[in-house]
Amino acid sequence: MTDTDPQTRAGFAAIIGAPNAGKSTLVNRLAGSKVSIVTQKVQTTRFPVRGIAMHGDAQIVLVDTPGIFSPRRRLDRAMVASAWGGADDADVVVHLIDAASHIASETKDGSAADRRGAEDTETIVKALTEAGKQVILALNKIDGMRRDTLLALAQKLDATGAYSEVFMISAATGDGVDDLKARLAEAMPQGPWLYPEDQAADVPMRVLAAEITREKVYLRVHEELPYSAAVETTAFDDRPDGSARIEQTIYVERDSQRPIVLGKGGQTLKWIGQKAREDLTEILGRPVHLFLTVKVDPKWQDSRALYAQFGLDYDA
């Protein structure tokens, strides 16, 4: 079937939710490839990543938004504005909730992070109801949870009037994700496909390369380093032998953070570079020569250029 067939469908599906609800994992699962970084640190998605999922005759362009939370800094405000913008422009919206964390937030065993997640979810529900929007609710991370507990949570959330339907899924294992994917395909408007059938992501390669490296930074030093790091691709060149030469700068805010990223004898930076290069080689399908430098810039969060790289509104 060609992309001009009148029976084809194509549109945008936005995944919104509190930080660490599992949005990036779900986008990667639906698209079947790595299009959004996944780490154990919240707020790792800074701009809407478009993953592309195919289901039958439908093409679903997935918008993975930054987590919606109460913003404090300029970067926070830009990320939240970006998240709501992604939802407003979509044909269908999925509100993803970490079910286990949400239920834990209501018990004495719940952590501060669980309670923050529940508060962020309440913020989203309030915004949806005030806007008169109905979206799809997806309860995530249901592995090992009691069915009656999940049903009670689903009924409580459904009573807010913010949801048209409920899905119970595990983005990590794929449980229930095929049903959600089929529903998203059904919601796509009729029309030609927006991208080639074999394309998995609509992200400038320089940006995706920077995000891959930033994922590795957080995977390695997530305990020592707060959110005070950014990665910028400063050069991306195709070499005559078919390989790619990529230069990137890792920005940290304080002098004390630079040794953390470098590691003893440069071993941490070497690990980051090796892991990022492995991912990039697989994604690009060709050899990659990756060169990393670490710079201290206390004001990187105020850099208009970095905001522009990620498609964020500096003045949000």
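**Exercise 1. A residue between two elements**

In which loop does Lys-141 lie? Work out its place, its backbone angle and its exposure in this predicted model.

*Solution.*
- Step 1: Find the flanking elements. Strand E5 (135-140) comes on one side and helix H5 (147-158) on the other, and Lys-141 lies in the loop between them.
- Step 2: Look at the backbone. Lys-141 has a phi near 60°, a positive value in a residue other than glycine.
- Step 3: Judge the exposure. The relative accessibility of Lys-141 is 30%. Buried would need a value under 20% and exposed one over 50%, so Lys-141 counts as partly exposed.

**Exercise 2. The chain as a whole**

Describe the chain by its elements, its burial and its contacts.

*Solution.*
- Step 1: Count the elements. There are ten helices and nine strands in the chain.
- Step 2: Turn to burial. Of the 316 residues in the chain, 50% are buried.
- Step 3: Sort the contacts by sequence separation. Taking the contacts with a separation of 6 or more, 72% join residues 24 or more positions apart.

**Exercise 3. Helix H1 and its partner**

Say how covered helix H1 is, what follows it, and how it packs against helix H6.

*Solution.*
- Step 1: Check burial. H1 (residues 23-31) is mostly covered, with seven of its nine residues buried. The buried ones are Lys-23, Ser-24, Leu-26, Val-27, Asn-28, Leu-30 and Ala-31.
- Step 2: Move past the end of the helix. Gly-32 follows H1, and its phi is positive, near 75°.
- Step 3: Take the packing geometry. The axes of H1 and H6 (residues 177-187) are 11 Å apart, and the helices pack at an angle of about 75°. H1 and H6 are therefore roughly perpendicular to each other.
- Step 4: Name the residues that meet. From H1 come Leu-26, Arg-29 and Leu-30; from H6 come Val-177, Leu-180, Lys-181 and Leu-184. By class, this contact of H1 with H6 has five nonpolar, no polar and two charged residues.

**Exercise 4. Helix H7 and its partner**

Compare the span of helix H7 with the expected value, then describe its burial and its contact with helix H9.

*Solution.*
- Step 1: Test the span. H7 (residues 205-221) has 17 residues, which at 1.5 Å a residue should span 24 Å. The C-alpha atoms at its ends are 24 Å apart, so the two values agree.
- Step 2: Count the buried residues. In H7, 13 of the 17 residues are buried, so the helix is largely enclosed by the rest of the structure.
- Step 3: Get the geometry. The axes of H7 and H9 (residues 267-284) come within 9 Å and cross at roughly 140°. That makes H7 oblique to H9. The crossing of H7 past H9 is right-handed.
- Step 4: Look at the contact. Among the residues of H7 that take part are Met-205, Leu-208, Ile-212 and Lys-216. On the H9 side they include Trp-271, Ile-272, Asp-279 and Leu-280. The contact of H7 with H9 divides into 13 nonpolar, two polar and five charged residues.

**Exercise 5. Around the start of helix H4**

Place Ala-104, Ser-105 and Ala-113, and decide how exposed each one is.

*Solution.*
- Step 1: Begin with Ala-104, in helix H3. Its relative accessibility is 23%, so Ala-104 counts as partly exposed. Apart from neighbours within four places in sequence, Ala-104 is in contact with Asp-109, Gly-110 and Asp-114.
- Step 2: Go on to Ser-105, in the loop between helix H3 (99-104) and H4. With a relative accessible area of 13%, Ser-105 is buried. Not counting residues up to four places away, Ser-105 touches Gly-110, Asp-114, Arg-115 and Ala-118. Ser-105 and Arg-115 are ten residues apart in sequence, with 4.8 Å between their C-alpha atoms.
- Step 3: Finish with Ala-113, in helix H4 (residues 112-130). Ala-113 has a relative accessible area of 43% and is partly exposed. Asn-20 is 93 residues away from Ala-113 in sequence, and their C-alpha atoms are 9.7 Å apart.

**Exercise 6. Contacts of Thr-129**

Which residues is Thr-129 in contact with, leaving aside its neighbours within four places in sequence?

*Solution.*
- Step 1: Locate the residue. Thr-129 lies in helix H4 and, with a relative accessible area of 35%, is partly exposed.
- Step 2: List the partners. With those neighbours left aside, Thr-129 is in contact with Thr-160 and Ala-162.
- Step 3: Add the distance. Thr-129 and Thr-160 are 31 residues apart in sequence, and 7.6 Å apart in space from C-alpha to C-alpha.

Conventions:
Residues are numbered from 1 along each chain as its sequence is written. This is a predicted model: local features need pLDDT of at least 70, side-chain atom pairs count only at pLDDT 80 or more; totals for chains, interfaces and linings use all residues. Side-chain values use heavy atoms; hydrogens and water are left out. Helices (H or I, at least four residues) and strands (E, at least two) are DSSP runs, numbered from the N terminus. The expected span of a helix is 1.5 Å times one less than its number of residues. Buried means under 20% relative accessible area, exposed over 50%, partly exposed in between (1.4 Å probe, protein chains only). Axes are lines fitted to C-alpha atoms, for helices over the stretch in contact, and angles run from 0 to 180 degrees between N-to-C directions. Angles under 35 degrees count as roughly parallel, over 145 as roughly antiparallel, 65 to 115 as roughly perpendicular and the rest as oblique. A crossing is left-handed if the near helix is turned anticlockwise from the far one by less than a right angle, and right-handed if clockwise. Contact means heavy atoms within 4.5 Å. Ala, Val, Leu, Ile, Met, Phe, Trp, Tyr, Cys and Pro count as nonpolar, Asp, Glu, Lys and Arg as charged, and the others, Gly among them, as polar.
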